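Below is a brisk report on one protein chain. It covers salt bridges, sheets, one helix and the domain layout.

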Amino acid sequence: MPIMFNDETKTFHLQAGDSSYIFQIYRDGYLAHLYWGQKIRSNHLSRFIPYGRKPQAPTPDDPDETFSLDTLLQEYAAYGNSDFRSPAYQVQLENGSTITDLRYKSHRILKGKRVLEGLPGTYVERDEEAESLEIVLWDELCGLEVVLTYTVFEKYNAISREVKLINKGTEKLKVLRALSANVDFYNSDYDFIHLSGAWGRERHLERRSLKSGIQAIESRRGASSHQQNPFAALVSKNADEEHGEVFAFSLVYSGNFIAQAEVDQFKTTRFSMGINPFDFSWLLEPSQTFQTPEIIMVYSNHGLGEMSRTFHKLYRNNLCRGKYKLQARPILINNWEATYFDFTAEKLEDIATVASELGLELFVLDDGWFGKRNSDDSSLGDWYLNREKLPAGLDDLAERINKLGLKFGLWFEPEMISENSDLYRAHPDWCIYVPDRRRTKSRHQLVLDLTNAKVRDYIVDAVCKVLGSAPISYVKWDMNRNITEAGSAYLPAERQRETAHRYILGLYDIMNRITAAFPDILFESCSGGGGRFDPGILYYMPQTWTSDDTDAVERLFIQYGTSMVYPAITMGAHVSAVPNHQVDRVTRLDMRGHVAMAGNLGYELDLTKFTPEEVEAVKKQVAEYKEIRELVQFGDFYRLRSPFEGNDTAWMFVSEDKREAVVFYYRIMAKPNPPLTSILRLRGLDENRDYEVMGSGMVYGGDELIYAGIAVPTLKGDYASVYWRLRAK
Ligand code: DGJ
């Protein structure tokens with residue numbers, strides 16, 4: 001039984017994989033947190049609840065001076081009743097007051113896992129895979145009911161949490177803050193890890209030690225963002241890839257979020273995460289419910305490597321959905337960096353002809369095929385074919401490409417509207433805006449108001465019409481700007497601050513409808529590269545364009561950081577031309593290939609310009625990737641060397657049965673007088689097996705490769721790389 005309740009001690013013990021999570025109904029119905037960590041059999045942990053008078057700590061049950069909420073570790077903390085730390089939620093009553101006091105009312109333990117209404121989330125296929133605990137808390141005075149749900153995955157060290165706020169009273173309530181979870185820790189001896197960056201430089205790994213006060217990451221951009229990913233972890237000081245404790249949090253949400261760690265006066269740490277309360281509120285009429293997004297909490301006692309492998313498996317198997325979830329993904333050629341907006345059907349067909357000779361499998365027509373779109377300043381919203389560019393029609397082009405042996409894919413940016421579009425001329429009030437204020441443009445475009453059902457229906461109809469008009473096997477769903485002037489003409493004054501969250505709910509609605517209507521299409525999400533690479537979107541679209549930056553060196557950092565949470569199969573990784581279009585760097589074709597082969601491989605350049613040598617080299621890359629594709633896309637991932645720590649990077653993939661592995665090694669700059677031998681120690685292999693290094697005739701023991709390592713050959717010049725395939729004898 002992964003969830004146990006001890007009626008005598010009123011303690012809940014959740015066992016997820018090798019971890020335990022324990023809390024207790026304490027005194028008059030407070031939920032006191034007791035433990036999260038390595039699995040333990042039983043517990044007598046209530047002895048940890050801090051007794052004893054603390055000066056300055058208010059005592060709600062006067063005259064008992066030993067009890068204060070300010071010193072209690074809690075499960076879903078309230079504001080205003082003696083706990084001065086950041087609360088998990090806050091609700092305003094009609095009289096303007098913001099004090100509520102939730103107490104335990106009831107609980108039940110259920111098999112399986114509930115599907116959230118209108119929101120993405122992890123799921124199970126069989127009830128036996130998980131067990132859920134629902135705890136009902138209750139504020140008697142205003143009738144607010146809060147249901148905390150914990151789901152325990154039996155196989156993984158992972159627990160999901162989500163919260164429902166229900167107005168069971170008679171007055172209107174205003175939710176000012178409703179985070180998905182808070183977890184309190186007894187101390188603050190942790191480092192805070194997160195993934196930060198910018199356009200073209202997404203998800204760089206950052207680590208800092210916790211200090212007194214609040215340290216936070218957040219997005220206020222209406223999207224999870226390039227700048228901060230909805231992931232954070234508290235790790236023990238000694239935590240590295242293989243050692244140390246990791247407490248990781250990943251929010252299944254694509255909009256404004258906050259993740260914060262607050263170290264208080266007693267050096268306890270409160271970690272909280274959820275929808276960003278900044279510029280947010282939600283009106284809850286009697287009998288209405290507010291549902292928070294789900295948060296996934298992963299525990300690892302073996303460092304960051306194990307944390308990542310837990311996320312990878314959980315997200316591959318229990319978050320991504322649809323036909324392609326467990327299918328090897330096609331190797332694509334995308335025309336964006338080859339032609340930008342300037343293409344003809346003939347040019348596209350020429351690229352596709354070479355692609356077919358190289359063994360590529362899918363041709364993707366990017367931006368510029370619709371309306372009057374010859375640059376980025378028009379036509380978003382006008383989802384009908386540009387006949388000047390493609391006079392014989394989309395179906396004709398798709399069929400020609402199909403005849404070359406490639407599937408056909410198409411780009412959309414459904415959430416956007418150009419001022420210069422038929423759609424905007426007809427519906428200038430369909431965008432996000434605030435009356436009488438400037439409408440700030442970004443990339444010359446505005447954002448459609450997805451809180452409005454009519455707008456959503458328009459998008460679904462327009463996109464579905466195109467998808468039904470030609471043999472389209474793949475869609476790239478782009479989104480190239482963040483939300484400004486967040487307001488909706490469609491919502492009443494008292495609901496204006498719901499705009500950003502309602503936008504995301506609207507987005508999930510249209511993604512759900514379109515992907516359900518076309519179950520055979522493979523969807524890849526994109527947001528100016530990786531501006532919305534999050535678990536929320538992965539629920540609808542099982543792969544994401546990782547970054548617009550395709551430079552092989554930059555990609556080492558981006559893919560390394562991204563791999564903290566997201567599996568390689570979800571990471572679009574393309575080989576592009578040199579000098580690189582983002583950073584102007586010239587790297588070797590080999591290294592560009594080896595970096596992209598560690599993700600979901602594609603090409604994005606004018607293949608017709610390849611020299612005969614390049615054609616041969618890419619043919620080889622493609623053939624080799626096909627041999628290792630399953631291993632990369634479904635294998636266990638081990639990081640060996642970090643680009644954030646030195647001049648070289650290495651990582652490897654190991655099959656589940658440990659019979660096969662592929663190891664990639666990259667060195668950025670050549671150095672004079674390098675060490676005589678560079679030894680790379682491998683991970684994840686079976687110590688008791690022997691492995692053949694394919695193509696070399698050499699056989700080594702798994703233990704030898706793990707403890708003694710493999711020698712990196714002498715590499716010449718900058719941007720050098722090498723990879724080995726290992727097969728068990
Ligand atoms: C941004 C994307 O990230 C690119 O790959 C490309 O699709 C452009 N948008 C097209 O406008």
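Glu-134 is buried, at 11% relative accessible area. In this predicted model, the residue forms a salt bridge with Arg-108, and the closest N and O atoms are 3.1 Å apart. Glu-134 sits in strand E7 (residues 130-139) and Arg-108 in strand E6 (residues 103-111), so the contact ties together parts that are 26 residues apart in sequence. The arginine is partly exposed, with a relative accessible area of 47%. A residue counts as buried under 20% and as exposed over 50%, so Arg-108, at 47%, falls in between.

**Salt bridges**

How many salt bridges does the structure hold? The count is 51. Side chains of opposite charge can pair when their charged atoms come close. Three of these pairs are set out here.

| Acid | Base | N to O distance |
|---|---|---|
| Glu-134 | Arg-108 | 3.1 Å |
| Glu-285 | Arg-495 | 3.9 Å |
| Asp-457 | Arg-513 | 2.7 Å |

The side chains of Glu-285 and Arg-495 meet in a salt bridge. This pair links distant parts of the chain, 210 residues apart. Glu-285 is in the loop between strand E18 (282-284) and strand E19 (289-291). Arg-495 is in the loop between strand E26 (474-477) and helix H7 (499-517). Glu-285 is partly exposed, at 25% relative accessible area. Arg-495 counts as buried, at 11%.

Asp-457 and Arg-513 also meet through their side chains. Here the link runs from helix H6 (residues 453-467), which holds Asp-457, to helix H7, which holds Arg-513. The two residues are 56 apart in sequence. Asp-457 is partly exposed, with a relative accessible area of 34%. Arg-513 is partly exposed too, at 31%. Elsewhere, salt bridges that share partners join Asp-83, Arg-85, Asp-184 and Arg-270 into one network.

**A buried strand**

Strand E14 (residues 228-236) is mostly covered: nine of its nine residues are buried. Which residues lie on each face of E14? One side carries Gln-228, Pro-230, Ala-232, Leu-234 and Ser-236. The other carries Asn-229, Phe-231, Ala-233 and Val-235. Both faces are covered.

E14 has paired strands to consider as well. Strand E11 (residues 190-196) pairs with E14 in the antiparallel sense over six bridges. In that pairing, Phe-192 stands opposite Leu-234. Five bridges join E14 to strand E15 (residues 246-252), again antiparallel. There Ala-233 stands opposite Ala-248.

**The open sheet and the barrel**

Strands of a sheet pair through backbone hydrogen bonds, either parallel or antiparallel. Examples of each follow.

An open sheet of four strands has the order E1-E2-E3-E4, with antiparallel pairing. Strand E1 (3-6) and strand E4 (30-38) stand at the edges, each with a single partner strand, so one side of each has no neighbour in the sheet. The twist averages 15° from one strand to the next. Within the sheet, E2 (residues 11-16) and E3 (residues 19-26) pair over six bridges. Phe-12 stands opposite Phe-23 in E3.

The barrel is built from eight strands, in the order E21-E22-E23-E26-E27-E28-E29-E30, and its pairing is parallel. Neighbouring strands are turned by 30° against each other on average, direction ignored. Two bridges join strand E27 (residues 522-525) to strand E28 (residues 543-545). Glu-524 has Gln-543 in E28 as its bridge partner.

**Helix H11**

Helix H11 (residues 612-634) has 23 residues. From first C-alpha to last, the helix reaches 33 Å, close to the 33 Å expected at 1.5 Å a residue. Where does H11 bend, and by how much? The bend is about 55°, at Ile-628.

Ile-628 is also one of the buried residues of H11. Others among them are Val-615, Val-618, Val-622, Tyr-625 and Leu-631. The buried set includes polar or charged names too: Gln-621, Arg-629 and Gln-633.

Lys-620 is in H11 as well. This lysine is exposed, with a relative accessible area of 52%. Lys-620 and Leu-358 are 262 residues apart in sequence, yet 8.5 Å apart in space, C-alpha to C-alpha.

**Domains**

The chain is divided into domain 1 (75-318), domain 2 (332-545) and domain 3 (641-728). The C-alpha centres of domain 1 and domain 3 lie 38 Å apart.

Terms used:
Residues numbered from 1 in each chain as written. Predicted model: local features only at pLDDT ≥ 70, side-chain atom pairs only at ≥ 80, totals over all residues. Heavy atoms only, no water. Pairing = 2+ DSSP bridges. Axes fitted to C-alpha atoms, helices over the stretch in contact; angles between N-to-C directions. Expected span 1.5 Å × (residues − 1). Bend = angle between axes of the 7 residues up to and from the residue. Buried < 20%, exposed > 50% of the residue type's maximum accessible area, 1.4 Å probe, protein only. Domains from an automatic or database assignment. Salt bridge = Lys/Arg side-chain N within 4 Å of Asp/Glu carboxyl O.
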